[in-house]
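User: Please take a close look at one residue, and explain in formal terms whether it is buried or exposed. Then please continue to other parts of the model, explaining each term for a first-year student.

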Amino acid sequence: MNRLQGKVSIITGAGSGIGRGIAEKFAEEGSIVVVADASPAGGEETVELIRAAGGTANFQQVDVTKAEDVERLAQDTIERYGEISVLVNNAGISSGDTLRIHEVTEEAWDRIMNVNLKGVFFCCKYVLPAMLERGGGSIVNIASAAAMGMGPRAAYAASKGGVASLTRSIAFQYGEYNIRANAICPGPVDTPMSRAARANGTYKQAPIVDLCVDRRGEPEDIAYAALYLASDESKYVTSDMMLVDGGAMRLRAEQFRNN
Amino acid sequence: MDRLTGKTSIVTGAGEGIGRAIARMFAHEGAQVVIANRNEAKGKETVELIKDAGGQATFIRTDVTDTEDVKRLVEETVAIYGKLDVLCNSHGVYGLDTREISDLPEGDWDLMMDTNAKGVFLTTKYAVPAMRTAGGGSIVNISSIAALAKSAQPAYAASKGAVNAFTKGVATQVAEFNIRANVISPSTIETDRRTELAQSAQYKNDFLAHTSEDEAAGSVEIINRVLPGFGEPDDIAYAAVYLASDESAYVTATVLPVDGGTTRTRTD
Ligand SMILES: NC(=O)c1ccc[n+]([C@@H]2O[C@H](COP(=O)([O-])OP(=O)(O)OC[C@H]3O[C@@H](n4cnc5c(N)ncnc54)[C@H](O)[C@@H]3O)[C@@H](O)[C@H]2O)c1
């Protein structure tokens with residue numbers, strides 16, 4: 001188990017759900033893992049899980065919407081481990097509702113954009129200099145299948161569409177420096193976030209209806225895709241939008257994919 | 001290395017290039033690999049390479065455009081290894097239609113459609129029942145950037161576009177049997193065949209006729225790509241291992257570009 005041997009990976013939002021799944025998998029494959037999360041309880045628990053399994057990890061309390069937090073995250077990681085080879089931008093929120101756009105408040109819009117899009121901007125901004133210095137790196141952004149098709153969560157989809165575009169621009173700008181940037185677009189994954197959304201009952205349709213694979217995804221499904229993109233196995237892959245969605249959106253997404 | 005342990009895999013076009021790299025990587029990850037291609041000498045060479053490295057492989061001579069051949073391929077695979085879990089279609093012909101479409105002989109069109117598109121149909125047709133018996137499986141089809149890009153090889157692009165559409169269609173049909181189907185979409189990968197082709201006088205004439213002088217100085221594809229250099233067969237092989245293995249259990253009906261970040265031509 002050494003597909004990420006020698007790498008130093010920062011994973012945001014690693015205190016829960018998909019981020020925790022990615023952090024555990026990366027540690028299992030030999031990476032040093034920096035668990036960055038706004039929530040100390042969740043973050044510390046992820047670190048404990050990794051250490052108990054024999055991996056190396058430490059927790060950094062970071063609100064990705066605060067530039068100074070993110071700058072400190074990058075600095076601390078360099079001081080502690082000498083480099084940053086992989087950045088996984090996973091921290092994110094979902095309003096969990098399907099309000100139509102004329103019903104969305106400015107505050108709700110700003111909150112989603114701040115965490116899901118500006119947070120990714122900050123993390124890239126402060127980590128990329130370290131990757132340039134190192135002579136390469138891999139950025140894996142957790143967008144969403146919502147970025148690829150037509151769906152009910154307007155602000156959320158817009159924020160994730162922004163992540164997808166930002167990913168492609170980073171791939172374009174930094175390719176010659178051997179820095180790759182790709183996004184994973186998960187479909188429904190069973191996590192505290194999606195359980196909360198389902199529990200509050202505001203989804204107009206069961207999100208599972210449109211899938212080929214007859215189940216919700218698990219954090220591990222996303223973790224394996226992230227592992228592929230973080231590792232040198234994907235050294236010729238950049239600017240990809242990798243769907244890990246149980247075959248969902250199979251009609252709607254095509255217009256974006258085969259243009 | 002055990003990401004494909006116990007999986008019986010057919011790899012077509014595995015006598016050279018990308019197919020051979022995939023076959024070797026599959027074997028390295030613990031799969032039993034059936035090398036299915038036309039050229040016996042090359043196919044057996046791949047088998048030897050795998051066996052020398054301690055892996056398991058068998059050669060079954062197959063022309064993917066021949067129904068009887070493909071039927072026998074699947075039957076013999078099941079007879080030898082007891083089941084079929086993975087089908088990777090890595091066969092293909094290319095480099096034929098770099099000329100103007102009005103000059104493209106009908107026979108060249110047919111050859112590309114028969115090999116690239118119909119060959120995938122036939123292997124899938126016979127593999128699916130065997131995978132159903134096995135309780136599930138994964139189909140990985142090697143398509144091309146030409147299907148996503150605005151390619152100056154329209155007939156080749158059409159044959160690969162058929163592969164992409166067919167794969168997604170099949171994926172939706174066979175999902176209920178726990179079978180997944182995905183496409184890998186490579187751009188230029190440095191293989192012996194590709195190097196030979198790029199050096200041939202006809203390719204230069206035809207291909208470069210559509211290319212500006214600047215682009216001709218290097219290669220049009222290189223200029224379009226954000227990562228430096230060409231890809232290697234192993235780049236495709238790693239993607240194929242991911243899609244063949246249970247690591248991608250939640251991935252189906254997708255197209256995975258492994259193309260160095262080809263720009264201008266791709267919008268996904
Ligand atoms: N669960 C799904 O179905 C699904 C589908 C598509 C995409 N996604 C995306 O996957 C990512 C992870 O989602 P999840 O389902 O694991 O959610 P989750 O709520 O279980 O975990 C998200 C984590 O991010 C952290 N976080 C939130 N705001 C933060 C901030 N400002 N700074 C730092 N950390 C912050 C939270 O503390 C939490 O630990 C998100 O980007 C989400 O949009 C999830």
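Analyst: B:Ser90 counts as buried because its relative accessibility is 12%; buried means under 20% relative accessible area, exposed over 50%, and partly exposed in between, with a 1.4 Å probe and protein chains only. This is a predicted model, in which local features need pLDDT of at least 70 and side-chain atom pairs count only at pLDDT 80 or more, while totals for chains, interfaces and linings use all residues. Residues are numbered from 1 along each chain as its sequence is written, chains are lettered from A and ligands numbered from 1 in the order in which they are written, and side-chain values use heavy atoms, with hydrogens and water left out.

B:Ser90 sits in the loop between β4 (86-89) and α4 (106-134) of chain B. Helices (H or I, at least four residues) and strands (E, at least two) are DSSP runs, numbered from the N terminus. The side chain of B:Ser90 also reaches the backbone nitrogen of B:Gly19, at 3.3 Å. This is a polar contact, a pair of N or O atoms within 3.5 Å; within protein, one must be able to donate a hydrogen and the other to accept it, and residues adjacent in sequence count only if both atoms are side-chain atoms.

Another loop of chain B, between β5 (137-142) and α5 (154-174), holds B:Ala146. At 8% relative accessibility, B:Ala146 is buried. Its C-alpha lies 30 Å from that of B:Lys44, and the two residues are 102 apart in sequence.

B:Asn178 is found in the loop between α5 and β6 (179-186) of chain B. B:Asn178 counts as exposed because its relative accessibility is 52%. Most residues other than glycine have a negative phi. B:Asn178 has a positive phi, near 65 degrees. In chain A, A:Ser239 likewise has a positive phi, near 70 degrees; A:Ser239 lies in the loop between α7 (219-230) and β7, and is buried, at 11%.

The ligand comes next. Around the ligand there are 30 residues, of which A:Ser16, A:Ile18, A:Asp37, A:Tyr156 and A:Thr191 come nearest; a residue counts as near if one of its heavy atoms lies within 4 Å. Oxygen atoms of the ligand lie 2.6 Å from an N or O atom in the side chain of A:Ser16, 2.7 Å from a polar backbone atom of A:Ile18 and 2.8 Å from a polar backbone atom of A:Asn90. The protein covers 90% of the 830 Å² of accessible area that the ligand has on its own, as given by the Shrake-Rupley method with a 1.4 Å probe. In chain A, α1 (17-28), α5 (154-174) and α6 (192-199) each supply at least two residues of this shell, and α6(A) gives the most, with 3 residues. The shell has 15 nonpolar, 12 polar and 3 charged residues; Ala, Val, Leu, Ile, Met, Phe, Trp, Tyr, Cys and Pro count as nonpolar, Asp, Glu, Lys and Arg as charged, and the others, Gly among them, as polar.

Finally, A:Pro129 belongs to helix α4 (residues 106-134) of chain A. At 44% relative accessibility, A:Pro129 counts as partly exposed. The C-alpha atoms of A:Pro129 and A:Leu211 are separated by 40 Å, with their positions 82 residues apart along the chain.
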